[in-house]
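Please open the model in a viewer and keep the sequence panel visible. The stops below begin at the ligand and then move to individual backbone features.

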Amino acid sequence: MENPGIQEETLHLCRIAGTGSYVPERVVTNADFEKIVDTSDAWIVERTGIRERRFAAENEFTSDMATAAARKAIKNAGITVEDIDMIIVTTVSPDNIFPSTAARVQNNLGAVNAIGFDLEAACAGLIYGIEVGKRFIATGFKNILVIGAEKLSGMMDMQDRNTCILFGDGAGAVILQRANQNTGRILATELGLDGSRAEMLQVPAGGSRLRPTYEVLDARKQYMAMRGKETFRYAVTYMVDCARKVFEKANCLVEKLTLAIPHQANLRIIQAAAERLGLRDDQVFLNVAKYGNTSSASVGIALDEAVTSGRIHRGDIVLLVAFGSGFSWGAVLLEW
Ligand code: UT7
(Lines give C-alpha, C1' and ligand atoms only; values in the text may rest on other atoms or scores of the structure.)
Protein backbone atom coordinates (compact mmCIF):
# COMPACT_ATOMS: atom_id res chain seq x y z
CA MET A 1 0.00 0.00 0.00
CA GLU A 2 1.28 3.50 -0.89
CA ASN A 3 1.81 5.90 2.04
CA PRO A 4 2.13 9.33 0.48
CA GLY A 5 4.20 11.64 2.67
CA ILE A 6 5.08 9.03 5.31
CA GLN A 7 8.24 6.94 5.06
CA GLU A 8 7.75 3.19 5.56
CA GLU A 9 10.30 3.16 8.44
CA THR A 10 8.36 5.89 10.30
CA LEU A 11 5.09 4.01 9.79
CA HIS A 12 6.39 1.00 11.67
CA LEU A 13 7.71 3.07 14.59
CA CYS A 14 4.71 2.11 16.68
CA ARG A 15 4.36 -0.16 19.69
CA ILE A 16 1.83 -1.45 22.17
CA ALA A 17 2.73 0.32 25.42
CA GLY A 18 0.00 -1.18 27.62
CA THR A 19 -2.86 -3.67 27.59
CA GLY A 20 -6.06 -4.09 29.60
CA SER A 21 -9.15 -6.26 29.57
CA TYR A 22 -12.49 -6.72 31.24
CA VAL A 23 -15.07 -9.50 31.28
CA PRO A 24 -18.45 -9.28 33.04
CA GLU A 25 -19.04 -11.20 36.25
CA ARG A 26 -21.89 -13.44 35.10
CA VAL A 27 -20.68 -16.87 33.94
CA VAL A 28 -23.00 -18.76 31.57
CA THR A 29 -22.13 -22.44 31.22
CA ASN A 30 -22.98 -24.96 28.51
CA ALA A 31 -25.34 -26.58 31.02
CA ASP A 32 -27.30 -23.30 31.09
CA PHE A 33 -27.83 -23.64 27.31
CA GLU A 34 -28.99 -27.25 27.68
CA LYS A 35 -32.02 -25.75 29.46
CA ILE A 36 -33.02 -23.41 26.60
CA VAL A 37 -32.05 -25.13 23.29
CA ASP A 38 -31.56 -28.71 22.06
CA THR A 39 -27.83 -28.95 22.75
CA SER A 40 -25.36 -30.63 25.11
CA ASP A 41 -22.18 -29.72 26.91
CA ALA A 42 -20.47 -32.62 25.09
CA TRP A 43 -21.47 -31.28 21.62
CA ILE A 44 -20.41 -27.71 22.40
CA VAL A 45 -17.04 -28.74 23.87
CA GLU A 46 -16.29 -31.17 21.03
CA ARG A 47 -17.33 -28.86 18.14
CA THR A 48 -16.12 -25.52 19.58
CA GLY A 49 -13.92 -25.98 22.68
CA ILE A 50 -16.18 -23.53 24.56
CA ARG A 51 -17.09 -24.45 28.16
CA GLU A 52 -18.47 -21.13 29.39
CA ARG A 53 -18.81 -17.47 28.43
CA ARG A 54 -19.56 -14.18 30.22
CA PHE A 55 -22.76 -12.16 29.77
CA ALA A 56 -22.99 -8.50 30.74
CA ALA A 57 -25.67 -7.35 33.18
CA GLU A 58 -28.84 -5.75 31.79
CA ASN A 59 -27.59 -2.26 32.72
CA GLU A 60 -23.94 -2.86 31.71
CA PHE A 61 -23.20 -1.57 28.22
CA THR A 62 -20.44 -1.98 25.63
CA SER A 63 -19.01 1.42 26.62
CA ASP A 64 -18.85 0.36 30.30
CA MET A 65 -16.83 -2.75 29.48
CA ALA A 66 -14.65 -0.72 27.07
CA THR A 67 -14.03 1.85 29.81
CA ALA A 68 -13.02 -0.81 32.36
CA ALA A 69 -10.54 -2.39 29.91
CA ALA A 70 -9.23 1.07 28.94
CA ARG A 71 -8.55 2.07 32.57
CA LYS A 72 -6.31 -0.99 33.00
CA ALA A 73 -4.47 -0.35 29.72
CA ILE A 74 -3.88 3.30 30.70
CA LYS A 75 -2.50 2.21 34.09
CA ASN A 76 -0.30 -0.48 32.54
CA ALA A 77 1.11 2.02 30.02
CA GLY A 78 1.99 4.39 32.90
CA ILE A 79 0.08 7.34 31.44
CA THR A 80 -2.93 9.40 32.54
CA VAL A 81 -6.31 9.82 30.85
CA GLU A 82 -5.33 13.37 29.90
CA ASP A 83 -2.45 11.92 27.85
CA ILE A 84 -4.84 10.07 25.50
CA ASP A 85 -5.20 11.97 22.21
CA MET A 86 -7.34 9.46 20.29
CA ILE A 87 -9.87 6.75 21.16
CA ILE A 88 -10.78 4.11 18.57
CA VAL A 89 -13.52 1.70 19.66
CA THR A 90 -13.98 -1.36 17.48
CA THR A 91 -17.37 -3.02 17.94
CA VAL A 92 -20.35 -4.64 16.23
CA SER A 93 -22.50 -4.03 19.31
CA PRO A 94 -22.24 -0.28 19.99
CA ASP A 95 -24.29 1.37 22.76
CA ASN A 96 -26.24 3.25 20.05
CA ILE A 97 -26.17 3.52 16.25
CA PHE A 98 -25.01 7.04 17.11
CA PRO A 99 -23.35 8.69 18.99
CA SER A 100 -20.21 6.61 18.80
CA THR A 101 -19.28 4.31 21.65
CA ALA A 102 -15.91 6.12 21.58
CA ALA A 103 -17.76 9.29 22.65
CA ARG A 104 -19.29 7.44 25.62
CA VAL A 105 -15.88 6.03 26.58
CA GLN A 106 -14.26 9.47 26.34
CA ASN A 107 -16.87 10.84 28.73
CA ASN A 108 -16.62 7.88 31.13
CA LEU A 109 -12.85 8.23 31.29
CA GLY A 110 -12.74 12.02 31.32
CA ALA A 111 -10.29 11.84 28.41
CA VAL A 112 -10.86 15.49 27.56
CA ASN A 113 -7.91 15.77 25.17
CA ALA A 114 -8.97 12.87 22.96
CA ILE A 115 -10.81 12.75 19.67
CA GLY A 116 -12.45 9.45 18.88
CA PHE A 117 -14.56 7.31 16.61
CA ASP A 118 -15.92 3.78 16.19
CA LEU A 119 -14.55 1.34 13.65
CA GLU A 120 -16.42 -1.77 12.54
CA ALA A 121 -14.50 -4.73 11.15
CA ALA A 122 -16.29 -7.44 13.16
CA CYS A 123 -13.93 -9.95 14.78
CA ALA A 124 -10.96 -8.38 12.98
CA GLY A 125 -11.83 -5.04 14.59
CA LEU A 126 -8.91 -4.71 16.98
CA ILE A 127 -6.43 -5.60 14.22
CA TYR A 128 -7.98 -2.96 11.94
CA GLY A 129 -7.95 -0.50 14.86
CA ILE A 130 -4.26 -1.08 15.54
CA GLU A 131 -3.43 -0.55 11.85
CA VAL A 132 -5.42 2.71 11.73
CA GLY A 133 -3.95 3.88 15.04
CA LYS A 134 -0.43 3.06 13.86
CA ARG A 135 -0.91 5.42 10.92
CA PHE A 136 -2.05 8.23 13.22
CA ILE A 137 0.99 7.63 15.46
CA ALA A 138 3.12 8.18 12.33
CA THR A 139 1.46 11.60 11.90
CA GLY A 140 2.25 12.73 15.45
CA PHE A 141 -0.46 11.40 17.79
CA LYS A 142 1.15 10.35 21.09
CA ASN A 143 -1.16 7.95 22.97
CA ILE A 144 -3.89 6.18 21.04
CA LEU A 145 -6.35 4.00 22.93
CA VAL A 146 -7.72 1.18 20.77
CA ILE A 147 -10.48 -0.88 22.38
CA GLY A 148 -12.36 -3.92 21.08
CA ALA A 149 -15.59 -4.20 23.08
CA GLU A 150 -18.77 -6.23 22.63
CA LYS A 151 -22.11 -6.93 24.25
CA LEU A 152 -23.05 -9.77 21.89
CA SER A 153 -25.46 -11.37 24.37
CA GLY A 154 -28.10 -8.83 23.28
CA MET A 155 -27.70 -9.76 19.59
CA MET A 156 -27.94 -13.53 19.89
CA ASP A 157 -31.05 -15.51 19.03
CA MET A 158 -31.51 -17.60 22.15
CA GLN A 159 -33.73 -19.97 20.12
CA ASP A 160 -31.00 -20.71 17.54
CA ARG A 161 -28.63 -23.41 18.77
CA ASN A 162 -26.34 -22.82 15.77
CA THR A 163 -25.26 -19.43 17.10
CA CYS A 164 -26.39 -18.78 20.69
CA ILE A 165 -23.83 -21.11 22.25
CA LEU A 166 -20.87 -19.45 20.51
CA PHE A 167 -20.65 -15.87 21.71
CA GLY A 168 -19.89 -13.85 24.84
CA ASP A 169 -19.30 -10.31 26.13
CA GLY A 170 -16.15 -8.42 27.16
CA ALA A 171 -13.52 -5.85 26.17
CA GLY A 172 -9.79 -5.69 25.44
CA ALA A 173 -7.71 -2.52 25.06
CA VAL A 174 -4.25 -1.44 23.95
CA ILE A 175 -2.35 1.85 24.12
CA LEU A 176 -0.33 2.67 21.00
CA GLN A 177 2.75 4.88 21.23
CA ARG A 178 5.70 5.75 19.03
CA ALA A 179 8.46 3.12 19.27
CA ASN A 180 12.19 3.81 19.66
CA GLN A 181 15.38 1.75 19.93
CA ASN A 182 14.61 0.94 23.61
CA THR A 183 11.13 -0.42 22.99
CA GLY A 184 9.45 -3.17 21.02
CA ARG A 185 7.56 -2.29 17.83
CA ILE A 186 5.10 -3.44 15.22
CA LEU A 187 7.06 -5.34 12.57
CA ALA A 188 4.36 -5.86 9.94
CA THR A 189 0.62 -5.70 9.39
CA GLU A 190 -1.81 -7.16 6.86
CA LEU A 191 -5.54 -6.53 6.38
CA GLY A 192 -8.07 -8.19 4.07
CA LEU A 193 -11.74 -7.85 3.09
CA ASP A 194 -14.06 -9.90 0.86
CA GLY A 195 -17.48 -8.21 0.77
CA SER A 196 -18.90 -10.83 -1.60
CA ARG A 197 -19.39 -13.07 1.46
CA ALA A 198 -21.27 -10.46 3.55
CA GLU A 199 -24.39 -12.63 3.86
CA MET A 200 -22.57 -15.51 5.54
CA LEU A 201 -22.37 -13.90 8.96
CA GLN A 202 -24.63 -10.94 9.66
CA VAL A 203 -27.35 -9.27 11.65
CA PRO A 204 -29.94 -8.89 8.85
CA ALA A 205 -32.10 -6.14 10.39
CA GLY A 206 -31.63 -2.89 12.27
CA GLY A 207 -29.61 -1.00 9.67
CA SER A 208 -30.79 0.73 6.49
CA ARG A 209 -31.24 -2.58 4.64
CA LEU A 210 -34.07 -3.94 6.77
CA ARG A 211 -35.99 -1.66 9.11
CA PRO A 212 -36.99 -3.24 12.44
CA THR A 213 -40.73 -3.52 11.72
CA TYR A 214 -42.94 -5.85 13.77
CA GLU A 215 -42.84 -8.45 10.95
CA VAL A 216 -39.05 -8.28 10.85
CA LEU A 217 -38.78 -8.63 14.63
CA ASP A 218 -41.25 -11.56 14.62
CA ALA A 219 -39.00 -13.27 12.05
CA ARG A 220 -36.09 -12.72 14.51
CA LYS A 221 -34.04 -10.86 11.88
CA GLN A 222 -32.58 -8.51 14.51
CA TYR A 223 -30.34 -11.36 15.67
CA MET A 224 -27.10 -12.80 14.38
CA ALA A 225 -27.32 -15.37 11.57
CA MET A 226 -24.38 -17.46 10.35
CA ARG A 227 -23.56 -20.10 7.78
CA GLY A 228 -21.20 -21.88 10.14
CA LYS A 229 -19.51 -24.45 7.94
CA GLU A 230 -18.49 -22.01 5.18
CA THR A 231 -17.44 -19.41 7.74
CA PHE A 232 -15.25 -22.02 9.44
CA ARG A 233 -13.50 -22.88 6.15
CA TYR A 234 -12.78 -19.25 5.21
CA ALA A 235 -11.64 -18.46 8.76
CA VAL A 236 -8.87 -21.06 8.57
CA THR A 237 -7.82 -20.10 5.03
CA TYR A 238 -7.60 -16.35 5.60
CA MET A 239 -6.04 -16.48 9.08
CA VAL A 240 -3.27 -18.71 7.73
CA ASP A 241 -2.84 -16.55 4.64
CA CYS A 242 -2.51 -13.22 6.45
CA ALA A 243 -0.29 -14.73 9.16
CA ARG A 244 2.09 -15.98 6.45
CA LYS A 245 2.05 -12.53 4.83
CA VAL A 246 3.15 -10.67 7.98
CA PHE A 247 6.03 -13.11 8.54
CA GLU A 248 7.08 -12.59 4.90
CA LYS A 249 6.78 -8.79 5.13
CA ALA A 250 8.86 -8.75 8.34
CA ASN A 251 11.36 -11.20 6.85
CA CYS A 252 10.85 -13.32 9.99
CA LEU A 253 10.72 -17.12 10.21
CA VAL A 254 7.61 -18.69 11.76
CA GLU A 255 9.97 -20.68 14.05
CA LYS A 256 10.95 -17.37 15.73
CA LEU A 257 7.38 -16.87 16.96
CA THR A 258 7.00 -16.81 20.74
CA LEU A 259 3.21 -16.63 20.89
CA ALA A 260 0.28 -16.40 18.49
CA ILE A 261 -2.81 -14.65 19.85
CA PRO A 262 -5.54 -15.80 17.47
CA HIS A 263 -9.17 -14.67 17.46
CA GLN A 264 -10.93 -17.10 19.81
CA ALA A 265 -13.93 -18.21 17.72
CA ASN A 266 -13.60 -21.96 17.83
CA LEU A 267 -10.83 -24.23 19.14
CA ARG A 268 -10.98 -26.33 15.95
CA ILE A 269 -10.44 -23.25 13.75
CA ILE A 270 -7.42 -22.26 15.84
CA GLN A 271 -5.99 -25.78 15.81
CA ALA A 272 -6.46 -26.15 12.03
CA ALA A 273 -4.77 -22.78 11.38
CA ALA A 274 -1.93 -23.53 13.81
CA GLU A 275 -1.30 -26.89 12.17
CA ARG A 276 -1.09 -25.33 8.69
CA LEU A 277 1.34 -22.72 9.99
CA GLY A 278 3.41 -25.45 11.67
CA LEU A 279 3.01 -24.01 15.18
CA ARG A 280 3.60 -26.02 18.35
CA ASP A 281 0.87 -26.01 21.05
CA ASP A 282 2.99 -23.80 23.33
CA GLN A 283 3.14 -21.13 20.59
CA VAL A 284 -0.65 -20.62 20.62
CA PHE A 285 -2.61 -18.74 23.29
CA LEU A 286 -6.07 -20.13 24.09
CA ASN A 287 -8.90 -18.85 26.27
CA VAL A 288 -11.89 -19.76 24.08
CA ALA A 289 -13.01 -22.30 26.70
CA LYS A 290 -13.63 -19.49 29.23
CA TYR A 291 -15.12 -16.72 27.11
CA GLY A 292 -16.35 -18.12 23.76
CA ASN A 293 -16.26 -15.79 20.78
CA THR A 294 -16.23 -12.14 21.92
CA SER A 295 -15.74 -10.77 18.36
CA SER A 296 -13.59 -7.64 18.33
CA ALA A 297 -12.85 -7.99 22.08
CA SER A 298 -11.34 -11.44 21.66
CA VAL A 299 -7.76 -10.67 20.58
CA GLY A 300 -7.45 -7.81 23.12
CA ILE A 301 -8.65 -9.95 26.04
CA ALA A 302 -6.31 -12.79 25.03
CA LEU A 303 -3.35 -10.43 24.56
CA ASP A 304 -3.88 -8.87 27.98
CA GLU A 305 -4.18 -12.30 29.63
CA ALA A 306 -0.99 -13.44 27.87
CA VAL A 307 0.87 -10.34 29.09
CA THR A 308 -0.41 -10.43 32.67
CA SER A 309 0.18 -14.18 33.01
CA GLY A 310 3.84 -13.73 31.97
CA ARG A 311 3.59 -15.52 28.60
CA ILE A 312 5.08 -12.51 26.74
CA HIS A 313 8.36 -10.71 27.54
CA ARG A 314 10.39 -7.86 26.03
CA GLY A 315 11.91 -8.95 22.72
CA ASP A 316 9.43 -11.80 22.09
CA ILE A 317 7.83 -12.15 18.67
CA VAL A 318 4.02 -12.02 18.95
CA LEU A 319 1.38 -12.58 16.27
CA LEU A 320 -2.16 -11.16 16.52
CA VAL A 321 -4.50 -12.66 13.92
CA ALA A 322 -8.27 -12.52 13.42
CA PHE A 323 -11.10 -13.25 11.02
CA GLY A 324 -14.78 -12.31 11.03
CA SER A 325 -17.90 -11.06 9.30
CA GLY A 326 -17.43 -9.14 6.07
CA PHE A 327 -15.52 -11.32 5.58
CA SER A 328 -12.71 -9.23 7.08
CA TRP A 329 -9.41 -10.43 8.46
CA GLY A 330 -5.99 -9.21 9.51
CA ALA A 331 -2.71 -9.87 11.29
CA VAL A 332 -0.14 -7.85 13.24
CA LEU A 333 3.39 -9.13 13.89
CA LEU A 334 5.16 -7.47 16.83
CA GLU A 335 8.45 -7.50 18.58
CA TRP A 336 7.30 -7.03 22.19
O1 UT7 B 1 -16.04 -15.04 14.74
C2 UT7 B 1 -16.07 -15.14 13.37
C3 UT7 B 1 -16.28 -16.33 12.76
N4 UT7 B 1 -17.14 -17.32 13.32
C5 UT7 B 1 -16.68 -18.53 13.25
O6 UT7 B 1 -15.56 -18.69 12.91
C7 UT7 B 1 -17.61 -19.70 13.49
C8 UT7 B 1 -17.38 -20.72 12.41
N9 UT7 B 1 -18.17 -21.92 12.47
C10 UT7 B 1 -18.09 -22.82 13.49
O11 UT7 B 1 -17.41 -22.60 14.46
C12 UT7 B 1 -18.82 -24.13 13.33
O13 UT7 B 1 -19.28 -24.25 12.01
C14 UT7 B 1 -20.00 -24.32 14.31
C15 UT7 B 1 -19.48 -24.50 15.71
C16 UT7 B 1 -20.91 -23.10 14.26
C17 UT7 B 1 -20.81 -25.56 13.94
O18 UT7 B 1 -19.96 -26.71 13.92
P19 UT7 B 1 -19.98 -27.72 12.68
O20 UT7 B 1 -19.10 -28.81 13.02
O21 UT7 B 1 -19.68 -26.92 11.44
O22 UT7 B 1 -21.46 -28.23 12.70
P23 UT7 B 1 -22.61 -28.09 11.59
O24 UT7 B 1 -23.05 -26.68 11.45
O25 UT7 B 1 -22.19 -28.82 10.35
O26 UT7 B 1 -23.73 -28.93 12.26
C27 UT7 B 1 -23.61 -30.33 12.48
C28 UT7 B 1 -24.85 -30.78 13.20
C29 UT7 B 1 -26.13 -30.31 12.56
O30 UT7 B 1 -27.12 -31.31 12.68
P31 UT7 B 1 -27.49 -32.25 11.42
O32 UT7 B 1 -27.98 -31.31 10.37
O33 UT7 B 1 -26.20 -32.93 11.06
O34 UT7 B 1 -28.54 -33.15 11.99
C35 UT7 B 1 -26.54 -29.13 13.41
O36 UT7 B 1 -27.93 -28.90 13.40
O37 UT7 B 1 -24.85 -30.25 14.54
C38 UT7 B 1 -26.08 -29.60 14.78
N39 UT7 B 1 -25.87 -28.50 15.70
C40 UT7 B 1 -25.92 -28.66 17.02
N41 UT7 B 1 -26.13 -29.76 17.80
C42 UT7 B 1 -26.11 -29.58 19.12
C43 UT7 B 1 -25.60 -27.20 15.43
N44 UT7 B 1 -25.47 -26.52 16.58
C45 UT7 B 1 -25.68 -27.40 17.58
C46 UT7 B 1 -25.66 -27.28 18.98
N47 UT7 B 1 -25.89 -28.41 19.71
N48 UT7 B 1 -25.46 -26.10 19.62
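Select α3 (41-48), α8 (228-249), α9 (267-277) and β12 (317-324): each of these elements supplies at least two residues of the shell around the ligand in this predicted model. Colour α8 separately, since with 4 residues α8 gives the most to that shell.

Next, display the whole shell as sticks. Of its 24 residues, those that come nearest to the ligand are Thr39, Arg47, Lys229, Asn266 and Asn293. Colouring the shell by residue class gives 10 nonpolar, 9 polar and 5 charged residues.

Now colour the chain by domain, with domain 1 as 8-178 and domain 2 as 185-335. Where does the ligand lie relative to domain 1 and domain 2? Both domains give residues to the shell, so the ligand lies between them. With a pocket display switched on, the ligand is found in the second largest pocket.

**Polar contacts of the ligand**

Centre the view on Thr39, where a polar side-chain atom lies 2.6 Å from a nitrogen atom of the ligand. Then select Arg161: an N or O atom in the side chain of Arg161 is 2.9 Å from an oxygen atom of the ligand. Continue to Lys229, whose side chain places an N or O atom 2.7 Å from an oxygen atom of the ligand. A surface view can follow: the ligand taken alone exposes 940 Å², and the protein buries 75% of that.

**Backbone features**

Leave the ligand and go to the loop between β4 (86-90) and α5 (101-109), which holds Pro99. Which form does the peptide bond from Phe98 to Pro99 take, cis or trans? The bond is cis, with omega near 5°.

Move on to the loop between β5 (115-119) and α6 (125-138), and select Ala122 there. Ala122 is a residue other than glycine with a positive phi, near 45°.

For the last stop, return to β12 and follow the chain into the loop between β12 and β13 (328-335), where Phe327 lies. Gly326 and Phe327 are joined by a cis peptide bond, with omega about -15°. To end the tour, show this loop together with β12, one of the elements that supply at least two residues of the shell around the ligand.

Definitions and conventions
Residues numbered from 1 in each chain as written. Predicted model: local features only at pLDDT ≥ 70, side-chain atom pairs only at ≥ 80, totals over all residues. Heavy atoms only, no water. Near = heavy atom within 4 Å. Polar contact = N/O pair within 3.5 Å; in protein donor to acceptor, adjacent residues only side chain to side chain. Areas by Shrake-Rupley, 256 points an atom, 1.4 Å probe, with all protein chains shown as cover. 1 Å grid on protein atoms, 1.4 Å probe; cavity = no way out; pocket = protein on both sides within 12 Å on 5 of 7 lines; lining within 4 Å. Sits in = over half its atoms within 2 Å of the grid points. Nonpolar A, V, L, I, M, F, W, Y, C, P; charged D, E, K, R; others polar. Domains from an automatic or database assignment.
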